[in-house]
Amino acid sequence: MRIARNRSRDLFGILLITSGAITLLGLASLTSGGLLDLWIGLLESWLGWGAVVIPLTTLATGIMVMDGRKRDFRWSRVLALELVLFAALGLLSGLLANGLPQAEIGEGGGIVGWSIARAFGSLFGKLGRLPVLFMLAATGVYWVLRRRAQEIVQAESLKEPANERPPDLPQQYRKRFKIEDPSPTPDLRPRSRHPDLPPMEILEKGETRRVTAREINRSAGIIEKTLNEFRLPAKVVDYRAGPSVTQFAVEPGYIEHTSPGGSVSRNKVRVSQIQALANDLALALSASAIRIEAPVPGKAYVGIEVPNQEAAVVAIRPILESANFQNERSRLAIALGRDVAGEPVVADLASMPHLLIAGTTGSGKSVCITSIAMSLAMNNSPDELQFIMIDPKRVELLRFNGLPHLMGKVEADLARIPGVLRWCTEEMDRRFRLLEHESAKDLTAYNRKVARRKKPSTLPRLVVMIDELSDLMMLAPDQTEGALVRLAQMGRATGIHLVVATQRPSTDVVTGLIKANFPARIAFAVASAVDSRVILDGSGAESLLGRGDMLYLAPDAAGPVRLQGAYTSDKELEKLIRTWRQKDLGPGTVSPWEDYLVRQEAMSEQDADLDAAIELVRQTGKASASLLQRKLRVGYPRAARLMDELEELGIVGRAQGGGRAREVLISDSDG
């Protein structure tokens, strides 16, 4: 089919070119014929001296048809050219003051030009029509030239010619890098989505901005020139352009030293010498900050990362549809962003198994948490995954209220949050007892076993998201640290994962115990190198640009990778929540920790031995005052008071006559 279309196009182009050439020869009286003479007579009679426009236009159209390239066809340009033609024909007839007999034999503007000149003469007079027609022709010419100039400027801004070099650099520093169009990738068959999951169409595709060849060559030349000015010979051998920064591959050269005896020795430029010039390079490049990766892992060069003149927004949908994400078979795969080469970066929360995020206000950490939650909610049903969201700042996560995946509502009350974390540890213990009962090593094995029964009772994975850790550490440091460390140490097997963020990565917030149990970390822009070392065990985050620019340290990676984080808009989140709510999944769940918090509040005001009494009753399945006397070693009045408190909390039943034990209303498997 494509070959047939090409042949038809070529034949049509040849026909147009032939027709235009024959007409042009006829107008020049170089050829003649019956039909040709009639056609030439009509053109000359109607258009006069403007008849030559017809064959020239036909020739140009035929050439463009045979060229086959897609062109931006604009009707405004056609109308402007017609305005110029008709105004010029009228102007010719007006200047020659020809009558109709002269127009019919092809003088001036022909019949068309005579008609236009006469019409404008009746409106503006014989002398007034000439400036009016001239202004119309000039207006049409100006419109065509102005549109063409705009197209040239736009084309140059999108892609510079490969041989164009920045004129402000000496010849030896002018680079010849060119931006190659991305090679066409084979059609990737997207992984089939379950019909119950939201369609990808609710997310925006986004637009990708690429840096220009002029921008890349100029920066590469300045880097070489600056290093050589400091007597550090080096060569920029390659580049990788990402959404927010471009990484230039700098190959250190050799410094020659001549000894007093005349012998010449060559020493390679040290990496530390290049690193020491970070501020000087930033000044020469007029950049807010640059980051030097020395060396790039697995490469024989130093990476100098220079901010692009305009950062691109990384949409989340192209990452979710990418091959990298589809090849990640885990249901807890998350879209993080794009690296310095523009490649999508995907991580698996299940293998992390917890994530620690740090960065100053406005650096992008809350948006990162939102994108992680979006990735999980797009690919998991509420039966498979549930969120526990804690947002003391009351800013970002509160927007998730109403999502069926959310257990209860987003917790924002600082007084309740420590209790919620304690409930998470109790839930983890309960799940461990269930796994032990089924002889399952982890949640996946447990769900696989119980799913084979007629009445399956599978457990969803829990993702606990905390948007601001420092507020909790200031309120209740011991309780918060203890709960987080215990969940991080043991939660993976039971399907509980933590995503914790803080804007103050100091040692009193990110303690040694917390840090040791969060091997996967993300650092956004921080205030100092000290804060960067707290979160990443190394500097670099203090040189980030903010607004989603991050360093991601994977659990099994030798060093951090620079990314531009994925962005999720409010509109996309609203569509996701609305799509899930339309599936009629039943009434929203009440926070399962409500009863636990009430019980904890009551226990805080009750006897100090009440915790031990509850645990004893749960384990033994028996409840009596004499039992409490023996096991807790308390007197009878105190044991009787404990029994009354257990009854008020709904743990044991009413007293029975005859000294019989009370009924225990909770079991050992209850949280």
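This is a short tour of two nonpolar cores and one enclosed strand in a predicted model.

Before you click, note that residues are numbered from 1 along each chain as its sequence is written, and side-chain values use heavy atoms, with hydrogens and water left out. Because the model is predicted, local features need pLDDT of at least 70 and side-chain atom pairs count only at pLDDT 80 or more, while totals for chains, interfaces and linings use all residues.

**Stop 1: the cores**

Select Ile357, Phe387 and Met465. Within the largest nonpolar core, which has 54 residues, these three touch the most other members. A nonpolar core is a set of buried Ala, Val, Leu, Ile, Met, Phe, Trp, Tyr and Cys residues joined through side-chain atoms within 4.5 Å; buried means under 20% relative accessible area (1.4 Å probe, protein chains only).

Now colour residues 365-379. This is helix H12, which gives the most to this core, with eight residues. Helices are DSSP runs of H or I with at least four residues, and strands are runs of E with at least two, numbered from the N terminus.

A second, separate core holds 42 residues, including Val464 and Leu553.

**Stop 2: strand E6**

Move to residues 302-307. Strand E6 is largely enclosed by the rest of the structure, because six of its six residues are buried. Show the side chains: Val302, Ile304 and Val306 point one way, and Gly303, Glu305 and Pro307 the other way.

Which strands pair with E6? Strand E2 (residues 245-252) does so in the antiparallel sense over six bridges, with Thr246 opposite Val306. Strand E5 (residues 291-293) is also antiparallel to E6, joined by three bridges, and Ile292 has Ile304 as its bridge partner. Pairing requires that DSSP finds at least two bridges between two strands.

Conventions:
Buried means under 20% relative accessible area, exposed over 50%, partly exposed in between (1.4 Å probe, protein chains only).
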